[in-house]
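Biologist: Got a minute to walk me through this one? I'd like to get my bearings before I go back to the bench.

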Amino acid sequence: SFILAVLSKPMAITLPVVLLIIDFYPLERTSFAKGLSAMKVLIVEKIPFLAVIPVSAALTVWAQRSALSTLTNVPVSLRVFIAFRAAIFYLYKMLLPFNLSPYYPYDYNPHPSVRDFLSYEYAGALVLFLMITAFCMMMYKRNKFFPALWSFYIVTLMPVSGIIQAGGQAAADRYTYLPGLGPFMLAGIGAGWLATRDKIFIKLSGGIIITAVFAALSVLTVRQIRVWKDTVSLWSSTISVFPESIPVVYLNRGIAYQKSGDLKKSIEDFDMAIRLYPGYAEAYESRATSYGGLREHELAINDFTRVIELDPKNANAYHNRGVARLKNGDYKKAVEDLEKSVELVPGSGMAHFNLGLAYAGLGDSSHAIENFRKSSTLGVKEAQVYLDKYGNQ
């Protein structure tokens, strides 16, 4: 079952450590008084579980290799601050689940320094984390529940705390599915305590409070479900929480508008993405595609040119600029772009097809036929029609 859980969600690799926490409390199979010998027995019986962890970790890192942030971008020394912030951030969101977002962007620069993490948000989180830890340690002799609960929360959160960063998000609500069991167990115990009080006033007050909380959470749940209606709703929700969000959020919503056919709105979002990050090649490329859909070929050509300046080996940009020039009747420059595209990606059937059209526009039938033939070989069915047309001339 553990192996299946790990295959389903890698966060489950924390189970062996959670089992040790349960051994500590409530099972009380170990304690400082019993010494290391008792701990050895507990660890030995967890070996089958522990053996799964390195395999799962390796597979997860391999699967997420393209999304993992490098240590150069965010050094380990600074990720410690991120981890402390995450622990407090998720507690805060559980307590006050407002302004939830499908995507939480980082709020520091791409090359952070220690100074960036001395703000109240990070330094304050560290202080609060240490205070909670100190309280749990003080409660050790009186009630082991608190240190066990806090340990469970930290251990289950560790894989997604930011020490190992996958993707560009600073946090994600879904990361609390397992760690959230700890704080809500505490809430459940609080409700149980209210239910055992003798005074009817306390019971009644507690019942009213719990009912109000459940009602509020139900309303918030229904509202949050709407966020996931479609891609536009998803990214619009993120933008409503973070108006000056990172460029990729506007890019993603712009692409969603583009796919739905609302090209003017998509251009507005691409404009915003470029304003936030003037060197954003993907935003220029996407905006150029929208301009092309509106038949604003000159504007599309300008944007594709900017993409090529930022990414000289972008075969797609050369191809699309060539197509835009082809539609504008500039066959000579279209040939130059499409030849470059074919040079970068020789196996592109559409590039050869459009190159054939460009050569045909110049009246060069031999080169047109050559490219139509290659295009047909690469699976472009339309090429055969032009191949027959120019082959018979």
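Modeller: Let's go through the overall make-up, the pocket, the rings and a few odd spots in the backbone. Keep in mind that this is a predicted model.

Biologist: Fine. How many helices and strands does the chain have?

Modeller: There are 20 helices and two strands. The chain runs to 393 residues, and 39% of them are buried.

Biologist: And what share of the contacts joins residues 24 or more positions apart?

Modeller: That share is 57%, counting contacts in the chain with a separation of 6 or more.

Biologist: OK, pockets. How much space lies in the largest pocket?

Modeller: About 1800 Å³. Its lining takes in 50 residues, and the ones nearest the centre are Lys93, Met94, Leu95, Pro97 and Phe184.

Biologist: Which helix gives the most to that lining?

Modeller: α10 does, with 12 residues. Helices that each supply at least two residues include α6 (76–95), α7 (120–138), α8 (145–157) and α9 (181–195), and α10 and α11 do so too.

Biologist: What's the lining like by class?

Modeller: The lining of the largest pocket has 35 nonpolar residues, 11 polar ones and four charged ones.

Biologist: You listed Met94 by the pocket centre. Which residue in the loop between β2 and α9 touches Met94?

Modeller: Thr176 does, and Thr176 also touches Tyr90, leaving aside residues up to four places away in sequence. Thr176 sits in the loop between β2 (169–171) and α9.

Biologist: Is Thr176 buried or exposed?

Modeller: Thr176 counts as buried because its relative accessibility is 19%, and the cut-off for buried is under 20%.

Biologist: Let's switch to α11. Which of its residues are buried?

Modeller: In α11 (residues 231–241), the buried ones are Leu234, Trp235, Ser237, Thr238 and Ile239.

Biologist: Why would residues a few places apart in a helix point the same way?

Modeller: An α-helix has 3.6 residues a turn, so residues three or four places apart end up pointing the same way.

Biologist: Makes sense. What covers the buried residues of α11?

Modeller: The cover includes α10 (200–227) and α12 (247–260).

Biologist: What caps the N-terminal end of α11?

Modeller: Asp230 does: one of its side-chain oxygens lies 3.2 Å from the backbone nitrogen of Val232.

Biologist: New topic, aromatics. How many aromatic pairs turn up?

Modeller: Searching the whole structure gives 16 aromatic pairs. In one of them, Phe89 and Tyr104 have ring centres 5.2 Å apart and planes at 80 degrees, so the pair is edge-to-face. That pair links distant parts of the chain, with Phe89 in helix α6 and Tyr104 in strand β1 (residues 104–105), 15 residues apart.

Biologist: Are Phe89 and Tyr104 buried or exposed?

Modeller: Both are buried. There is also an edge-to-face pair between Phe145 and Phe146, with 5.6 Å from centre to centre and 70 degrees between the planes.

Biologist: How accessible are Phe145 and Phe146?

Modeller: Phe145 is buried, at a relative accessible area of 10%, whereas Phe146 is partly exposed, at 22%. Ring pairs link Phe145 and Phe146 with Tyr25 and Phe135 in a cluster.

Biologist: You mentioned Tyr25 in that cluster. What is the peptide bond from Tyr25 to Pro26 like?

Modeller: That bond is cis, with omega near 20 degrees. Pro26 is in the loop between α2 (15–24) and α3 (35–44).

Biologist: Which residue in the loop between α2 and α3 has a positive phi?

Modeller: Glu28, which lies in that loop, has phi near 55 degrees, a positive value in a residue other than glycine. Glu28 counts as partly exposed, given its 42% relative accessibility.

Biologist: And what is phi for Arg295?

Modeller: Near 65 degrees, again a positive value in a residue other than glycine. Arg295 is in the loop between α14 (281–293) and α15 (297–310), and its relative accessibility is 70%, so Arg295 counts as exposed.

Biologist: Last one. What can you tell me about Glu298, over in α15?

Modeller: Glu298 is partly exposed, at 48% relative accessibility. Its C-alpha atom is separated by 8.1 Å from that of Asn328, 30 residues apart along the chain.

Conventions
Residues numbered from 1 in each chain as written. Heavy atoms only, no water. Buried < 20%, exposed > 50% of the residue type's maximum accessible area, 1.4 Å probe, protein only. Helix = DSSP H or I, 4+ residues; strand = E, 2+ residues; numbered from the N terminus. Contact = heavy atoms within 4.5 Å. Polar contact = N/O pair within 3.5 Å; in protein donor to acceptor, adjacent residues only side chain to side chain. 1 Å grid on protein atoms, 1.4 Å probe; cavity = no way out; pocket = protein on both sides within 12 Å on 5 of 7 lines; lining within 4 Å. Points joined across faces, edges and corners; volume = space filled by probe spheres on them. Nonpolar A, V, L, I, M, F, W, Y, C, P; charged D, E, K, R; others polar. Phe/Tyr/Trp six-rings, centres within 6.5 Å; stacked < 30°, edge-to-face > 60°.
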